[in-house]
There are 4 protein chains.
Amino acid sequence: MKNELLKTIPRIGVGILGYGFASRPHIVALKRMREVYWPPPAIPECVALCGRTEDKVKEAAARYEVKKWFTDWREMLKDPDIQVFDNCGANDVHAESCIEAAKRGLHILCEKPLARNTEEAKQMLDAVRKARVKHMTGFNYRFVPAVRLAKELILQGVVGEVHHFYGRFAVDRAMDPNIPLRWIYQKPLAGSGALGALGSHLLDLARFLVGEPVSVMAQAKIFLKKRRLMGSSEWGEVTVDDAVSSLLEFENGAMGNFETSRFCPGRKNNQFFEINGSKGSIYFDLEEMNRLKVYLAQETIPSITGFHDVMVTEGSHPFFKEWWPTGHTLGWEHTFIHQLKHFLEAIVKNTPVEPWGATLEDGYRNVVICDAMLKSAELGKKIRVRY
Amino acid sequence: MKNELLKTIPRIGVGILGYGFASRPHIVALKRMREVYWPPPAIPECVALCGRTEDKVKEAAARYEVKKWFTDWREMLKDPDIQVFDNCGANDVHAESCIEAAKRGLHILCEKPLARNTEEAKQMLDAVRKARVKHMTGFNYRFVPAVRLAKELILQGVVGEVHHFYGRFAVDRAMDPNIPLRWIYQKPLAGSGALGALGSHLLDLARFLVGEPVSVMAQAKIFLKKRRLMGSSEWGEVTVDDAVSSLLEFENGAMGNFETSRFCPGRKNNQFFEINGSKGSIYFDLEEMNRLKVYLAQETIPSITGFHDVMVTEGSHPFFKEWWPTGHTLGWEHTFIHQLKHFLEAIVKNTPVEPWGATLEDGYRNVVICDAMLKSAELGKKIRVRY
Amino acid sequence: MKNELLKTIPRIGVGILGYGFASRPHIVALKRMREVYWPPPAIPECVALCGRTEDKVKEAAARYEVKKWFTDWREMLKDPDIQVFDNCGANDVHAESCIEAAKRGLHILCEKPLARNTEEAKQMLDAVRKARVKHMTGFNYRFVPAVRLAKELILQGVVGEVHHFYGRFAVDRAMDPNIPLRWIYQKPLAGSGALGALGSHLLDLARFLVGEPVSVMAQAKIFLKKRRLMGSSEWGEVTVDDAVSSLLEFENGAMGNFETSRFCPGRKNNQFFEINGSKGSIYFDLEEMNRLKVYLAQETIPSITGFHDVMVTEGSHPFFKEWWPTGHTLGWEHTFIHQLKHFLEAIVKNTPVEPWGATLEDGYRNVVICDAMLKSAELGKKIRVRY
Amino acid sequence: MKNELLKTIPRIGVGILGYGFASRPHIVALKRMREVYWPPPAIPECVALCGRTEDKVKEAAARYEVKKWFTDWREMLKDPDIQVFDNCGANDVHAESCIEAAKRGLHILCEKPLARNTEEAKQMLDAVRKARVKHMTGFNYRFVPAVRLAKELILQGVVGEVHHFYGRFAVDRAMDPNIPLRWIYQKPLAGSGALGALGSHLLDLARFLVGEPVSVMAQAKIFLKKRRLMGSSEWGEVTVDDAVSSLLEFENGAMGNFETSRFCPGRKNNQFFEINGSKGSIYFDLEEMNRLKVYLAQETIPSITGFHDVMVTEGSHPFFKEWWPTGHTLGWEHTFIHQLKHFLEAIVKNTPVEPWGATLEDGYRNVVICDAMLKSAELGKKIRVRY
């Protein structure tokens, strides 16, 4: 009987910075771990939430059945029940709090983009390395079953030598001119715009699936230059990119074509990539995340080629066997459950987070490349990527 | 501050019959109510699970953090902490237990098909009517945002007078000849085959979206006539349909075309319907449940007609505003959260379950029509539907 | 050098009844035979056009570079330069003229539906059999490359034993209430409505791909019961179906589901069919006629199943090698070129038209089944098909 | 009666250089002009074909019913029956023959890419300007109904201010290593590779739909560096790009992202573009050329947004009314008929070829931009476009 198991399953306390949109899927992941994975690698407990506005964080704690709440992350990090620091805060609170958490020996899960710039990211990476804690950057799309399947197919040689990575993360979320000058539109707070918010995800998939870029050429644009200050009729300046487009060269010789934009009407969550290799092609669109399109140049019946429209919802597919019977689709938030399970396993089994998950090194390299893109856009020439 | 709210929010105890695939999304719905809806209409608590095999139900209770477990539903129904009986058991335990629960004044949520045949279903309906409890049949697809949007559009007259309901629920789940003769393949236990398991869902959507059928003509087939007995090398006979196809006439003059099959290779969860009206058309496919296709005969720019590919993931769309920002897709199980919320509201506010949710009357009518289809298939002639 | 070939290639004179929409693709097929096929099986020459309105047929002859024109088909049939009678006239002029042409020993290509009813069709079939001429019914969709590929795959056993034919031919062409009471809406002239005009095509594909139906159950509807008389403000009655829906049983045990309608907004030329077999599935939509979707239950890489989206535009695909390089799509009218080539070969090589092409026997059987459907709709019971 | 018209319709003699794949759709366009357009703007006559291999050109003349044939284009250009020189030859015979034809006062239709490099293209442009003849570059995709509709929508302001042109022309045609070192793989003969052969088309659409690019940044790759010499077992070097990827800035501030490749398995004729503006988006894929996807940010029913899947096959759509009833699809070659009709009108009505058609100035500018891309790829920096 497995109930005795319960006593042997490790419990891991988690403290979360943030309680809004970014944190909620993290909370869901914590709460559903034992229901989805049985037995789970560990039973995570959400020990505390932290946020700036006392009333709101308190209410969130009530809503999510979290016992403690803090308004100062420094205080939260001192809590002895916490072993994992889950940073879902805004970009400008990533570095300092993660570094402090690492110093305290906490394992770190930090949302993307890891930092506002290369320097910050490097300090964070140095801190977790020094502390020898487990660390992960929240590139949750590695944990979409279709993306994981793509990775496995590439590793198995199904696609052959990769020639092209062709990807775009396009949405229309920023087009409403009535959206005020939130922190995400301000360089000092956000670091970059569409690039960090969306493009960093796509770039992570490029690295995950193809390899390291060695150079970039890029252009960047701000389409809407002014927005109203929050709660004011005054205008302020948008100081981050609305769109960035970039060409990449990969170490292995593949060509990369990358674009991200918040100004594409009708594109709601269009993180698309296509990979063309010597033996086949793969493409994926986050708007249809339960599917992967796969073309194999060699097929059993030569007249029956054409992209397969694979529903990645079979028990034999990555991540799916814990879910439902064949054909029952997953949603966006479920990637966070897969991600957290991977991180918990790394902690309790002392296994590496990479290569299936993204570490803070992946987060750092991601920032380095984004910074190279912005520099290339500024200078109008090719920039080599140097980690 | 809303935390005081918590004390004022009613708590509702739920006892669940079943602990397998069918129950799990019900359990998830219970557990996530307050996270998804804040404040929730009520805070449901899973008081007990019930199943035949002690070890397994005990383990499930541990896994899902449910305090009590039973191996006899009669015992569970006596538990004073339970106000709602959630029946996720096999078809042959629907009637007796629901009738008993109704007698005890419990509200009833029963999985579909409501019963194995018209007689059973009628007794169940009589019981809940007599007991004046709230009752719901688990036609969860009414709670897909895209389906609800379809309903709203029809009510608003966007589609005009409906001429056609054209629907199919096709899967390939039963094609493997190694699947043994489970209860779902035996008429005494299941009542019917693809018809009750899948077709009943589609039929419910036909009734929900178009109205009452007045007659049916149908054919039914068993493609694989023998399967191995469970855990045996002996053969037993499949006594329920693998596929049923039916023509319907609706009260309002619309034509219906209905088919369900478990023998369609490549179709994984293909519950598809198309509705053609005098002013527009709508179609939906469960395999892409975050989308609704809508054609309007009159458009602002006459050359720009063509089906809209609507991602039903905006805050203004049904059910979506409690979820994520625009474009973040939902999965199959989330329909159960919407469904349960609706049922809880009906209980605590004493509002009707219908028309947005399906009552046991809907469940009963559904069985009546399915029985009429099977009779038509047997007799080779049109059968009028009589409730 | 192939130029001497020209002298050895037989010339075949063709007389066409009709000069409007229905005839034009026939004329194109004649004119392009030698450009598409080189060397062609025969060089067809359009000797004469025939139509009721002298001015118009004369103008059409000028436009299409046809030397002769007639206003009486009896006169045209006497022309000694004509070996093939190509009947593109309205349904009510099919029988009499084809029978007369057969008596004169002309080969017959007749548009579908072959006749207004079973009796007419039988007389036509008797006439061509007696005359021992070559004969073909214009079911041009057998000559869509994707449809032919589907047929070949079924013959090769790729799909296995067929369980389902699921098809629909849906358009929205008849929904405009301002369309007058043309001959196509009148039973005495047209025989039937959507059924003969559209459904006959789909039914032919069902027979071509699956086999003979042995029984039908059907319903039929007229949604718009009155239309203005041509050039008048008076109203007349629509006496043919706007939509027919039918269940079929095939000789080989497969289930058929068939529907045709002219009242489906947004459906422009949606001749769709899906065939599910024991080993795979196929589907096709005429609106995307260069594609065939194919699912194979057994694939080389087990995780890579899913419908193939096959572009049927490779040199190795049916009909394509005479056309363009890979990936260059064909249009609707090109099917007529493939069809005519097949008929010319049958004539000059004395090979059978069937099974790749449809004979007048196929045309006759098609009418028999359509009549059975209408009878079933009237009587509300299953009707056996008897040829 | 329109037959007298025939006498008044001008006849225009055309001489075609080339008789292979590239010429055949030109020949079809000539032959079908009066059938598709009635009355046609002019009746074109294919007076002569020209090719290097006497036997083959003679046979082609027989096949296509062309009276004269030449093996030296200089001789053909002297023929007094020819008013239009239609250059479908290889890239290295474009310049000299077109310049000579212009000197002789012939109107010029020249296939793309106009020339192997900027210098050649400039001389050609100078020649036709000096000769004051009508001239057109064969960018036939401007004449796809869906593309023309896109252009019209942009002109009408439906898309608003354009922010993004995102396009790719991807095929897999060059991946077979057994393809020998044809002229298209040799820089001295072809000028460039995928860029001129495919990318020039896409670039023309970018200019047609968005406007003039002012700068480019690009990368280029040769994936397969050696191929067998024609009819030999010796190896030769591929000296043109297999793929080119480029970022563009447009005069009007829009960002451009452009890629072309012959190494994308499964992509058969994937000329795709998406245009995102301030009010809407449009996308198109040549593999589904009868469709245009259109998103409008403002819709009548706010919940019904989503890309329209427009079948561009209505009589009210560009180019379609001369074709078939609603919903009957066109094929690739039909664009050549639309293109030739436009050119004939320009000749007989003395109207400008631009902006709907591409002139030799468009062809020249296209070459200039392609050369700038190759230069940017070589130098790794942004290159300004200078005409």
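These are my notebook entries on chain symmetry and aromatic contacts in a predicted model.

**Entry 1, symmetry.** I superposed chain A on chain C. A turn of 180° with a shift of 0.0 Å along the axis lays one on the other at an RMSD of 0.0 Å. I noted this as a two-fold axis, because that is the relation such an axis gives. I then looked for the C-alpha of chain A nearest the axis and found that of His308(A), at 2.1 Å. I also compared the interface residues: 100% of those in chain A are interface residues in chain C too, so the copies meet through the same surface.

**Entry 2, ring pairs.** I searched the whole structure and got 50 aromatic pairs over all chains. I looked up Phe272(B) and Tyr283(B): the ring centres are 5.8 Å apart and the planes stand at 40°, so I logged the pair as tilted. Phe272(B) is in strand E13 and Tyr283(B) in strand E14 of chain B, so the pair ties together parts eleven residues apart in sequence. Phe272(B) is buried at 17% relative accessible area, and Tyr283(B) is buried at 18%.

I next took Phe165(D) and Phe250(D). Their centres are 6.5 Å apart with planes at 65°, so this pair is edge-to-face. The pair links distant parts of the chain, from strand E7 to strand E11 of chain D, 85 residues apart. I found both Phe165(D) and Phe250(D) buried.

**Entry 3, cluster and charges.** I traced a cluster in which ring pairs link Phe21(A), Trp332(A), Phe336(A), Trp323(B) and Trp324(B). For charges over rings, I found Arg168(A) over the face of Tyr166(D), 4.0 Å from the ring centre. I also found Arg168(C) over the face of Tyr166(B), at 4.0 Å from the ring centre.

Note on methods
Residues are numbered from 1 along each chain as its sequence is written. Chains are lettered from A and ligands numbered from 1 in the order in which they are written. This is a predicted model: local features need pLDDT of at least 70, side-chain atom pairs count only at pLDDT 80 or more; totals for chains, interfaces and linings use all residues. Side-chain values use heavy atoms; hydrogens and water are left out. Copies are superposed by least squares on the C-alpha atoms of residues with pLDDT of at least 70 in both. Contact means heavy atoms within 4.5 Å. Rings of Phe, Tyr and Trp (its six-membered ring) pair if their centres lie within 6.5 Å; planes under 30 degrees apart count as stacked, over 60 as edge-to-face and the rest as tilted. Helices (H or I, at least four residues) and strands (E, at least two) are DSSP runs, numbered from the N terminus. Buried means under 20% relative accessible area, exposed over 50%, partly exposed in between (1.4 Å probe, protein chains only). A charge sits over a ring if NZ of Lys or CZ of Arg is within 6 Å of the ring centre and within 35 degrees of the ring normal.
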